[in-house]
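Hi,

Here is the structure I promised to pass on. Have a look at it first, and then read my notes underneath.

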Amino acid sequence: VRNLKLEHEQEKNKILSEALETLATEHHELEQSLVKGSPPLSIISEEQFYDAVSDSESEKSLSGFETTTAYSLEDSMDSKDTITSSMSEEKVCGSGELLSNGIKKHRTSLPSPMFSRNDFSIWSILRKCIGMELSKITMPVIFNEPLSFLQRLTEYMEHTYLIHKASSLSSTTERMQCVAAFAVSAVASQWERTGKPFNPLLGETYELIRDDLGFRLLSEQVSHHPPISAFYAEGLNNDFVFHGSIYPKLKFWGKSVEAEPKGTMTLELLEHNEAYTWTNPTCCVHNIIVGKLWIEQYGNVEITNHKTGEKCVLSFKPCGLFGKELHKVEGYIQDKSKKKLCALYGKWTECLYSVDPATFEAYKKNDKKNAEEKKSSKQVGNTEESDEMPLPDSESVYVIPGSILLWKITPRPPNSAQMYNFTSFAMALNELDKEMESVIPKTDCRLRPDIRAMENGEIDLASEEKKRLEEKQRTARKNRSKSEEDWKTRWFHQGPNPYTGTQDWLYSGNYWDRNYFNLPDIY
């Protein structure tokens with residue numbers, strides 16, 4: 001009886017899967033009929049897609065998916081226009097140079113605009129993965145952006161000025177406001193990013209020195225299964241240390257991919273002898289099969305000041321039925337006896353404000369009353385949850401009188417849509433000059449041939465190199481298991497987080513001595 005039931009369920013599943021595939025194909029063909037222009041330079045056959053998925057040996061992880069964001073297919077269609085800004089002629093900031101006070105010019109464009117993804121259906125890869133952990137799936141390079149996940153992590157540092165500002169303030173509540181703004185700003189660059197970053201190879205590293213922003217950062221891929229990336233950043237004036245590790249736990253729900261970025265962020269303000277810890281919100285990419293891809297972040301983020309006991313509890317709101325809560329963030333800073341000191345509100349895609357708690361609660365009460373009146377005047381028939389992209393509120397963030405602006409997003413450059421929707425900060429992450437090349441270790445992801453090829457517009461070469469690197473990593477792992485040799489991380493070691501006591505990856509030191517020997521040959 002059970003076998004018959006199982007066969008019946010499998011048959012139903014097959015019929016549904018075929019119907020969904022037909023729908024996806026028809027949707028894709030309809031979309032294509034609206035788009036003029038030639039197909040991209042490289043088209044990977046469906047058989048190759050299936051090979052990639054069914055290869056259980058594949059160690060390539062979809063770890064970047066928690067930061068895979070998308071908004072509009074039209075954006076990527078526009079990429080056929082060769083609107084490429086001229087490359088900055090000025091010399092790139094070499095990480096190998098001695099630290100100087102001069103702000104260096106960074107590039108404002110990539111060497112080549114992004115490829116159109118219109119001739120590819122992500123459904124042809126993901127349809128075999130419903131309900132699976134997405135840690136062993138190889139994705140075609142066309143769905144990537146020319147950055148490693150280690151570089152994508154570095155985008156946390158785009159708004160470092162908020163940390164410097166926190167250090168300069170005397171009030172603990174004001175410092176917490178700036179730290180909360182930094183935690184929200186760290187996820188802002190994810191909006192509209194349609195490409196998935198390249199998964200780092202085991203032992204891959206990345207460094208960034210930004211004299212103009214006052215920090216230097218090092219990251220390393222410390223584990224491959226599960227994929228864990230560790231990073232350590234410090235202020236050039238010894239005013240702060242920011243470190244953590246990220247293990248993105250992914251789930252595919254059929255229409256969406258949900259990523260829970262496990263791992264603790266730790267920020268130490270050295271001048272005040274204070275440490276703050278928090279975890280990042282959950283990220284969800286909707287409409288994986290048909291329709292416009294769109295992203296939301298949701299869940300609670302609790303920031304703790306381990307010296308004073310103050311906490312900031314932020315709620316990243318899920319979209320909700322009619323999109324009213326889309327991108328909204330709100331919460332309170334409270335002292336150790338849970339007395340509310342300050343209210344925070346805004347959108348993670350735009351801005352964050354602080355206001356007196358009583359004023360905020362009065363506004364919320366009034367807003368709720370107005371919403372109920374509107375609701376009663378309208379007869380709402382459909383209450384089913386939809387995956388469709390909600391329309392953003394026309395008024396965006398309403399500024400409550402008496403509010404103080406803590407953070408506002410930097411507008412993206414005009415050529416961003418043709419450059420994978422990169423911010424100005426992201427545009428400079430993979431730049432490389434000869435002087436830098438002679439100083440950085442050979443494991444730095446600026447030297448990865450597949451990412452470099454994709455950045456230069458050589459999609460076929462990028463695909464070949466990605467395949468070669470995966471195979472090389474697989475072979476190295478097999479050789480280690482034969483000789484019973486364990487992988488040793490170079491710049492980080494496992495240990496308890498000094499403030500939370502949970503397992504963490506801690507910086508071992510000595511990276512900036514530039515004494516690199518016995519490094520693994522991973523490229």
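Below is what I found, going from a cavity to a helix and then to the aromatic rings.

One thing up front: this is a predicted model, so please read everything here in that light.

**Cavities**

There are five cavities of 30 Å³ or more in the structure. The one I looked into is the second largest, which holds about 60 Å³ of space. Its lining is made up of Glu155, Glu158, His159, Ser185, Ala188, Ser189, Ile409, Thr410, Arg412 and Thr423. Sorted by type, that lining has five polar residues, three charged and two nonpolar. Ser185 is one of the lining residues, and helix H7 covers residues 172–185, so that helix comes next.

**Helix H7**

How far apart should the ends of H7 be? With 14 residues at 1.5 Å a residue, the expected span is 20 Å, and the end C-alpha atoms are indeed 20 Å apart, so the two agree. At the N-terminal end, Ser171 acts as the cap: one of its side-chain oxygens sits 3.3 Å from the backbone nitrogen of Thr173.

Is H7 mostly enclosed or open? Twelve of its 14 residues are buried, so the rest of the structure largely encloses it. The buried set is Thr173, Arg175, Met176, Gln177, Cys178, Val179, Ala180, Ala181, Phe182, Ala183, Val184 and Ser185. Note that Arg175 is in there, as is Ser185 from the cavity lining.

**Aromatic rings**

The count of aromatic pairs comes to 17. One of them is Phe242 with Trp278, a stacked pair with 5.9 Å centre to centre and 15 degrees between the planes. Phe242 belongs to strand E6 (residues 240–252) and Trp278 to strand E9 (residues 274–278), so this pair ties together parts that are 36 residues apart in sequence. Both Phe242 and Trp278 are buried.

Another pair is Tyr420 with Phe422, which is tilted: 5.7 Å centre to centre, with 35 degrees between the planes. Tyr420 counts as buried because its relative accessibility is 2%, and Phe422 counts as buried because its value is 0%.

Finally, Phe242 and Trp278 are also members of an aromatic cluster, together with Tyr156, Phe182 and Phe231. Phe182 links back to the helix, being among the buried residues of H7.

That's the lot from me.

Cheers

How values were computed
Residues numbered from 1 in each chain as written. Predicted model: local features only at pLDDT ≥ 70, side-chain atom pairs only at ≥ 80, totals over all residues. Heavy atoms only, no water. 1 Å grid on protein atoms, 1.4 Å probe; cavity = no way out; pocket = protein on both sides within 12 Å on 5 of 7 lines; lining within 4 Å. Points joined across faces, edges and corners; volume = space filled by probe spheres on them. Nonpolar A, V, L, I, M, F, W, Y, C, P; charged D, E, K, R; others polar. Helix = DSSP H or I, 4+ residues; strand = E, 2+ residues; numbered from the N terminus. Expected span 1.5 Å × (residues − 1). Buried < 20%, exposed > 50% of the residue type's maximum accessible area, 1.4 Å probe, protein only. Polar contact = N/O pair within 3.5 Å; in protein donor to acceptor, adjacent residues only side chain to side chain. Phe/Tyr/Trp six-rings, centres within 6.5 Å; stacked < 30°, edge-to-face > 60°.
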